Amino acid sequence: MEETFSSSYPKSDNMKDLLGLQVMVHPDLIQDPANMQGHMGTITYLVDEGRAAYVQFNNDAIDLYSTDALLMLIPPELAVDKLRADIDISDMDVTDVADILEMYLHHTSGRPGAQREALNWAMSHDKISKAIIFSVKDWIEFLKERFHFEQSPGRGR
């Protein structure tokens, strides 16, 4: 049976939900034996409880990276809340916010490669990348905290 990959963001703390996620190897990664800093790839497999991931690149190479070395767009459902919370400290103007909204429209279009193009576009803008990009490790930690909180002991369902 062939395994399929999810192209959307994880909806639970299940690490398998990260398979198929478009990521970028941190451009400033100091040690990268594969020399893929700044390149885009797709998570194909997670190891060590989500602390590392195998990433497949356009040239079909597959390499192992720590999830803190992999960058992703903040999921669309969280982007507006983060922008509201950080607007005062982010030094963004109206055109930056409009660009971010356009990136997410592009990202969620369903067109093949749109996720990759939106992430690449966001990384090319310094202010925007600081506002809407974080590491896969940060996302995994966020998911674990969120789902742990939602499933607190003693709460009946």
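A residue is classed as exposed when its relative accessible area is over 50%, as buried when that area is under 20%, and as partly exposed in between. By this criterion Glu49, at 59% relative accessibility, counts as exposed. The structure described here is a predicted model.

The chain comprises five helices and six strands. Read from the N terminus, these elements follow the order β-β-β-β-β-α-α-α-α-β-α. Of the 157 residues in the chain, 38% are buried.

Four salt bridges are present in the structure. Glu49 is paired with Arg51, with the closest N and O atoms 4.0 Å apart. Arg51 has a relative accessible area of 47% and is therefore partly exposed. A further bridge links Asp96 to Lys127, and here the closest N and O atoms are separated by 3.5 Å. Because Asp96 belongs to helix H2 (residues 94-107) and Lys127 to helix H4 (residues 126-132), this pair ties together parts that are 31 residues apart in sequence. Asp96 is buried, at 11% relative accessible area, whereas Lys127 is partly exposed, at 33%. Within helix H4, Lys130 forms a salt bridge with Asp126, the closest N and O atoms lying 3.3 Å apart. These two residues are four positions apart in that helix, so about one helical turn separates them. Both Lys130 and Asp126 are exposed. In addition, Asp48, Glu49 and Arg51 are joined into one network by salt bridges that share partners.

Asp48 is also notable for its backbone conformation. Most residues other than glycine have a negative phi. Asp48, although not a glycine, has a positive phi of about 55°. The residue is located in the loop between E2 and strand E3 (52-57) and is partly exposed, with 48% relative accessibility. Asn35, likewise a residue other than glycine, has a positive phi near 55°. Its position is in the loop between strand E1 (22-25) and E2, and at 54% relative accessibility Asn35 counts as exposed.

Four aromatic pairs were identified. In one of them, the ring centres of Phe57 and Tyr65 are 6.1 Å apart and the planes meet at 80°, so the arrangement is edge-to-face. Phe57 is buried, with a relative accessibility of 3%, and Tyr65 is buried as well, at 5%. Elsewhere, Phe134, Trp139 and Phe142 constitute one aromatic cluster.

Two surface patches were examined. Tyr45, Tyr54, Ile62 and Leu64 make up a nonpolar patch of about 390 Å². Among its members, Tyr45 is placed in strand E2 (residues 40-47) and is partly exposed, at 49% relative accessibility. A negative patch is formed by Asp68, Asp138, Glu141 and Glu145. Glu141 lies in helix H5 (residues 136-150); with a relative accessibility of 37%, Glu141 counts as partly exposed.

A contact between parts distant in sequence involves Asn120 and Met40: the two residues are 80 positions apart along the chain, while their C-alpha atoms are 7.8 Å apart in space. Asn120 is situated in helix H3 (residues 114-123). With a relative accessible area of 42%, Asn120 is partly exposed.

Terms used. Residues numbered from 1 in each chain as written. Predicted model: local features only at pLDDT ≥ 70, side-chain atom pairs only at ≥ 80, totals over all residues. Heavy atoms only, no water. Patch = residues over 30% accessible without salt bridge, like charges linked within 9 Å, V, L, I, M, F, W, Y side chains within 5 Å. Areas by Shrake-Rupley, 256 points an atom, 1.4 Å probe, with all protein chains shown as cover. Salt bridge = Lys/Arg side-chain N within 4 Å of Asp/Glu carboxyl O. Lys, Arg positive; Asp, Glu negative; His and termini not counted. Charge placed at Lys NZ, Arg CZ, Asp CG, Glu CD. Buried < 20%, exposed > 50% of the residue type's maximum accessible area, 1.4 Å probe, protein only. Phe/Tyr/Trp six-rings, centres within 6.5 Å; stacked < 30°, edge-to-face > 60°.
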